[in-house]
Amino acid sequence: YVSVWVDSMTTAPMIFEGEYDESGKVLTMISKAPGPDGSPAQWRSVTTIMSDDKHLFEMFLTPQGGEETSLMTVHYTKIP
């Protein structure tokens, strides 16, 4: 799978590539793009399908030579 992330924190769109796990419920995607300070970094997004009505989206950043940090968590809930 391929996705594009655009926001006001970076100057260019980030291209993510990834795949679902064996259960088909967790999509993990990776991008190599500059971090907020412009230095090289790895970005990771994880979308977990918790049910037909609930999804969880998480975004992580690993700066060059640093440790992975959680940037955001979004809970999606379908409203009937």
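Val46 is buried in this predicted model, with a relative accessible area of 7%, which falls under the 20% that marks a buried residue. Val46 belongs to strand S4, and, leaving aside residues up to four places away in sequence, Val46 touches Val26, Leu27, Thr28, Leu56, Phe57, Glu58 and Phe60. Although Val46 and Met59 are 13 residues apart in sequence, their C-alpha atoms are 6.6 Å apart in space.

One of those contacts, Leu27, can be followed further. Leaving out residues up to four places away in sequence, Leu27 touches Tyr1, Gly18, Glu19 and Tyr20, and it also touches Ser45, Val46 and Thr47. Leu27 is a member of the largest nonpolar core, a set of ten residues that also takes in Met14, Phe16, Met29, Ala33, Ala41, Trp43, Phe57, Met59 and Leu61. The elements that each give two or more residues to this core are strand S2 (14-20), strand S3 (26-34), S4 and strand S5 (54-63).

How are the strands that supply this core arranged along the chain? Strands S2 and S3 run antiparallel and are joined by four bridges, one of the pairings being that of Glu17 with Ile30 in S3. These two strands form a hairpin with five residues between them, and in its turn Gly24 has a positive phi of about 75°. Strands S3 and S4 also run antiparallel, with nine bridges joining them, and here Ala33 has Ala41 in S4 as its bridge partner. Both Ala33 and Ala41 are listed among the residues of the largest nonpolar core. The hairpin of S3 and S4 has five residues between the strands, and within this hairpin Gly38 takes a positive phi near 90°. As a general point, the side chains of a regular strand alternate between the two faces of the sheet.

Further along S4, which covers residues 40-49, lies Thr48. Is Thr48 buried or exposed? Thr48 counts as buried because its relative accessibility is 19%, and the cut-off for a buried residue is under 20%. With residues up to four places away in sequence not counted, Thr48 touches Lys25 and Val26, and it also touches Lys54, His55 and Leu56.

Strand S4 also holds Arg44, whose side chain meets that of Glu68 in a salt bridge, with a distance of 2.8 Å from N to O. Glu68 lies in the loop between S5 and strand S6 (69-77), so the pair ties together parts of the chain that are 24 residues apart in sequence. Glu68 is partly exposed, with a relative accessible area of 40%, and Arg44 is likewise partly exposed, with a relative accessible area of 21%. The count of salt bridges comes to one.

The surface has a nonpolar feature of its own, a patch of about 390 Å² made by Val2, Val4, Val6 and Ile15. Val2, one of its members, is found in strand S1, which spans residues 2-5. Val2 counts as exposed because its relative accessibility is 60%, and the cut-off for an exposed residue is over 50%. Val2 is therefore exposed at 60%, whereas Val46 is buried at 7%.

Notes
Residues numbered from 1 in each chain as written. Predicted model: local features only at pLDDT ≥ 70, side-chain atom pairs only at ≥ 80, totals over all residues. Heavy atoms only, no water. Patch = residues over 30% accessible without salt bridge, like charges linked within 9 Å, V, L, I, M, F, W, Y side chains within 5 Å. Areas by Shrake-Rupley, 256 points an atom, 1.4 Å probe, with all protein chains shown as cover. Salt bridge = Lys/Arg side-chain N within 4 Å of Asp/Glu carboxyl O. Buried < 20%, exposed > 50% of the residue type's maximum accessible area, 1.4 Å probe, protein only. Contact = heavy atoms within 4.5 Å. Core = buried A, V, L, I, M, F, W, Y, C linked by side-chain atoms within 4.5 Å. Pairing = 2+ DSSP bridges.
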